[in-house]
Amino acid sequence: MTSTPEKPVPLDANRLPVPLPSSQDRLADWVEAYLAHAVTTAPVSRRAQRRDLGRFLGFMIREEGTDLRPRWTPRLTRAFLDWMISAVDPAGRRSWSDRTCNRTLAHLKTFARWVHKLAPLPLGDPFEGVHLLPVGAGLEVEKALTPAERRLLLSAADALPDFARRRDRRRLRDAARPARKGARPLRDRAILYTLIETGMRRAAAVRLDLEGVDFDRAELSVVEKGGHRHVYAISDEGLAAIRRYVAEERAGDADHWQSPALFLAPAGWPGGLGRLSPTIVSAVWAKACRHAGIAGKSPHSARHAMGRHIIEATGNIAAVQRQLGHRNATYSVQYARITRDELRSVLNRRGE
């Protein structure tokens, strides 16, 4: 039994629960009202929603010549999805991944329901028959650090104290070259060891406090995304890097900032309260990658590498979930996936 479309209701802006900027019934005005009165997420999420909704409005204006609300139909939503899937950049690559398409659709669907509830559209819910793209958890384990890259990065981390020394060899020929002002090589070394030897997210490393380091149990307790506290196990090497930083380099900065953060900015650093930003962690990672000759790997690559390492060492999905703090085991299962290169190697060994 097919349902009949809801009859269009004449729009009376004066009777809506939220005020519209104008009475022209344009979706651009509805977007502004939606963001002002219905969206309560963080600013970064609001910006993403504005960008995604703006992408749809631009498409609608190109296709329909207008963004009037009654012109939004399920057929137009499906056309928008098809356009996103097929769009390519000048190099012939897809402009938006399946994940980006799904995020855009999710934001658009929530907006559509809000609009349709306040002023039913002539042809019904514009997401009728429209579904998200069938993608998996997609942790991109192909981007995990390889064992060789891990060794190179840790070697680069160990060399950071030398890289931080002043380069004026002629003037300081007969004396030990001191570290550059503001350089914190032991801190940076400890950050790299923390990321690589725990699988901790970059943002979690920033939130990590000194009191969250249990030197006896070799564990790091930190508030992860979503607000829950997670305990990471850390290797002896990683713990030793943190211990050395705390003993030899952190004290002066701690006296200045009086901050509980484990990793601190140099004393006198302009702005802030001493706690580093995720951007600084990324800069530390990028510097080490340059010294190690590694390209295309982010701090999150260390997290993927830890997941792969635990799977290969134990074959236990629960061990991955426990170390990385996945609330949903589906994400942990992804680390059991085989990469393209591994599959190719297995296939080529059949004739041996």
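**Close-up 1. Cysteines and disulfides in the predicted model**. The structure, which is a predicted model, holds zero disulfides. Two of its cysteines can be viewed here: C101 is buried, with a relative accessible area of 0%, and C289 is likewise counted as buried, because its relative accessible area of 4% falls under 20%.

**Close-up 2. Helix α12, residues 299–314**. This helix has 16 residues, and at 1.5 Å a residue they should span 22 Å, which agrees with the 24 Å that separates the C-alpha atoms at its ends. Many positions along α12 can be inspected for burial, and the buried ones are P299, S301, A302, R303, H304, A305, M306, G307, R308, I310 and I311. Residues three or four places apart in an α-helix point the same way, because there are 3.6 residues a turn. After α12 comes G315, whose phi is positive and near 70 degrees.

**Close-up 3. A218 in the loop between β1 and β2**. A218 lies in the loop that runs between β1 (213–214) and β2 (219–223), and its phi, near 55 degrees, is a positive value in a residue other than glycine. With a relative accessible area of 15%, A218 is buried, because the cut-off for this class is under 20%.

**Close-up 4. Q258 in the loop between α10 and α11**. Q258 is not a glycine, although its phi is positive, at about 55 degrees, and this residue lies in the loop between α10 (250–257) and α11 (278–292). Q258 counts as exposed, because its relative accessibility of 64% is over 50%.

Technical notes:
Residues are numbered from 1 along each chain as its sequence is written. This is a predicted model: local features need pLDDT of at least 70, side-chain atom pairs count only at pLDDT 80 or more; totals for chains, interfaces and linings use all residues. Side-chain values use heavy atoms; hydrogens and water are left out. Helices (H or I, at least four residues) and strands (E, at least two) are DSSP runs, numbered from the N terminus. The expected span of a helix is 1.5 Å times one less than its number of residues. Buried means under 20% relative accessible area, exposed over 50%, partly exposed in between (1.4 Å probe, protein chains only). A disulfide is a pair of cysteine sulfur atoms within 2.5 Å.
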